[in-house]
Amino acid sequence: MSSVLRVENVTMQFGGVVAINDLSMEANEGEIVALIGPNGAGKTTAFNCITGVYEPTNGAVYFQDKPIAMNHPSGKMKHEYAGEKGDMYLGKHIRMTPDKITALGIARTFQNIRLFKSQTAFENVLIATHLRRTSNVFSATFRLNYKEEAAMRKHAMELLDVVGLADLAEEKATSLPYGKQRRLEIARALATKPKLLLLDEPAAGMNPQETEELGAFIRSIKDQFGLTIFMIEHHMNLVMDISDRIYVIDFGKLIAKGTPAEVRDNPAVIAAYLGVDEE
C-alpha cells in the first residue's frame, strides 16, 4: 500500500507555546484516517502545517513521498522536491504555498465553514474547477475556450448532484442550512480533483442521523473518486465506524495510534478524554 501523506517529527511552536510536538503520522492510499484529541490538542494546527498555512518549526511533510514542507534548522537534507518534477533540492528548508499544495492534489475543508458567501452554490464549485483549467489567462478572460468552460460547468453540476445539492445550485451559499453548507464545502474541495481530502470536523453541528448519513457519504466519495481521506472529528461514533486507523494527540503530542478497537481501549486515550480518578 503506497504512502499518500507522511508527517515526520513535525513541531509547531508559536513563541513559547508548542502547539505540536514531534508529531509523526501517515495515510496510505485508499484509507480513511482520523486524527482525534481534546479541544486545543493541536489537530487543526497539524492540518495547517500539511496545507501550507503554517511553516513547521521543525520536521517535514511528504505528499506521495515528496516533501511539500520541510524545516530542519539543525542540518541539510537532500530530497526530490514535489514542486519541480525530477529536480533535487539540497538544503534544509521547503515551504510550498497553499495554492500549489492544492494543485498537487491536496484539498481540505475547514472547522469554520469558508464558502464564498455572496456566490451561489454552483458558483462556489465552479470557481474551484478553474484550478484544473488548461486555457491561458487571455482566453479565459474573454471566454474563448468555450468547450473547456462548458466542461467545467458540467463538472460543477455533477459534483452538486453527488452531494445532493443539484436542486439548490442557484441558492446563495449562506442561505443553505448548515449541514448543506458542509456538503457544499466538500463539493468545492472535490472540484479541485484531489488525491488526498482533509476534512476538519465535517460532522460539527450535526444531529445523530445526519452524522450517520455523513459517514455513508464519506465512504461513497472515497470509493467514487479514489480518495485517501484524513479527517479531524469529535463524533466518536463516526470516527470508530468509518476509520481504518486513528491517531490521538493531546497537548500536541501523539499519545496513541492504531485501529478503532485498539484506540478505544487505550488507557492513555481514556485518560485524555475522560480524566483519571485520583484514587
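Which residues line the largest cavity? They are Thr109, Arg182, Glu185, Ile186 and Pro202. The model is predicted. The chain has 279 residues, and 48% of them count as buried. Its secondary structure comes to 10 helices and 13 strands.

**Chain overview**

- The accessible surface of the chain comes to about 13,900 Å². Carbon and sulfur atoms hold 51% of that surface.
- Contacts in the chain reach across the sequence. Among those between residues at least 6 apart, 63% join residues at least 24 apart.

**Nonpolar cores**

- In general, nonpolar side chains tend to be buried together in soluble globular proteins.
- The largest nonpolar core in this model holds 46 residues. Within this core, Leu184 and Leu197 touch the most other members.
- Leaving out residues up to four places away in sequence, Leu197 touches Ala107, Arg108, Ala189, Leu190, Ile221, Leu227, Thr228, Ile229 and Phe230.
- A second, separate core has 33 residues. Val4, Met25, Phe47 and Ile106 are among them.

**The cavity**

- How many cavities of 30 Å³ or more does a search of the whole structure find? The search finds one.
- The space in the largest cavity is about 30 Å³.
- The cavity lining divides into two nonpolar residues, one polar and two charged.

**The largest pocket**

- The volume of the largest pocket is about 470 Å³.
- Its lining has 19 residues. Closest to the pocket centre are Thr102, Arg108, Phe110, Arg188 and Thr192.
- Four elements give two or more residues each to this lining: helix H2 (98-104), strand S9 (106-108), helix H3 (121-129) and helix H6 (178-190).
- By residue class, the lining divides into 10 nonpolar, four polar and five charged.
- Arg108 links two topics: this residue is one of those closest to the pocket centre, and Leu197 touches Arg108.

**The second largest pocket**

- The second largest pocket contains about 180 Å³ of space.
- Its lining consists of Val163, Gly164, Leu165, Pro177, Gly179, Lys180, Arg183, Met206, Glu210, Glu213 and Leu214.
- H6 and helix H7 (208-225) each supply at least two of these lining residues. H6 also gives two or more residues to the lining of the largest pocket.
- Five of the lining residues are nonpolar, two are polar and four are charged.

**Val163, a lining residue**

- Val163 sits in the loop between helix H5 (146-162) and H6.
- Is Val163 buried or exposed? Val163 counts as buried because its relative accessibility is 2%, and the cut-off for buried is under 20%.
- Apart from residues up to four places away in sequence, Val163 touches Arg183, Ala187 and Phe217.
- Val163 and Arg183 are 20 residues apart along the chain, with their C-alpha atoms separated by 6.0 Å. Both residues line the second largest pocket.

**Helix H1**

- Helix H1 spans residues 43-50 and is mostly covered. Seven of its eight residues are buried.
- The buried residues are Lys43, Thr45, Ala46, Phe47, Asn48, Cys49 and Ile50. Phe47 also belongs to the second core.
- Gly52, just after H1, takes a positive phi of about 85°.

**Positive phi outside glycine**

- Asp22 is not a glycine, yet has a positive phi of about 55°. Asp22 is found in strand S2 (residues 17-28).
- Asp22 is partly exposed because its relative accessible area is 37%, and the partly exposed class runs between 20% and 50%.
- Lys193 is not a glycine either, and has a positive phi of about 60°. Lys193 lies in the loop between H6 and strand S10 (196-200).

**Gln224 on helix H7**

- Gln224 lies in helix H7.
- Why does Gln224 count as exposed? Gln224 counts as exposed because its relative accessibility is 51%, and exposed means over 50%.
- Gln224 and Val162 are 62 residues apart in sequence. Their C-alpha atoms are 9.7 Å apart in space.

Notes. Residues are numbered from 1 along each chain as its sequence is written. This is a predicted model: local features need pLDDT of at least 70, side-chain atom pairs count only at pLDDT 80 or more; totals for chains, interfaces and linings use all residues. Side-chain values use heavy atoms; hydrogens and water are left out. A nonpolar core is a set of buried Ala, Val, Leu, Ile, Met, Phe, Trp, Tyr and Cys residues joined through side-chain atoms within 4.5 Å. Buried means under 20% relative accessible area, exposed over 50%, partly exposed in between (1.4 Å probe, protein chains only). Contact means heavy atoms within 4.5 Å. On a 1 Å grid over the protein atoms alone, a cavity is a set of points where a 1.4 Å probe fits but cannot get out, and a pocket is an open set with protein on both sides within 12 Å along at least five of seven lines; lining residues have an atom within 4 Å of a point. Grid points are joined across faces, edges and corners, and a volume is the space filled by probe spheres set on the points. Ala, Val, Leu, Ile, Met, Phe, Trp, Tyr, Cys and Pro count as nonpolar, Asp, Glu, Lys and Arg as charged, and the others, Gly among them, as polar. Accessible areas come from the Shrake-Rupley method with a 1.4 Å probe; for residues, only the protein chains shown count as cover.
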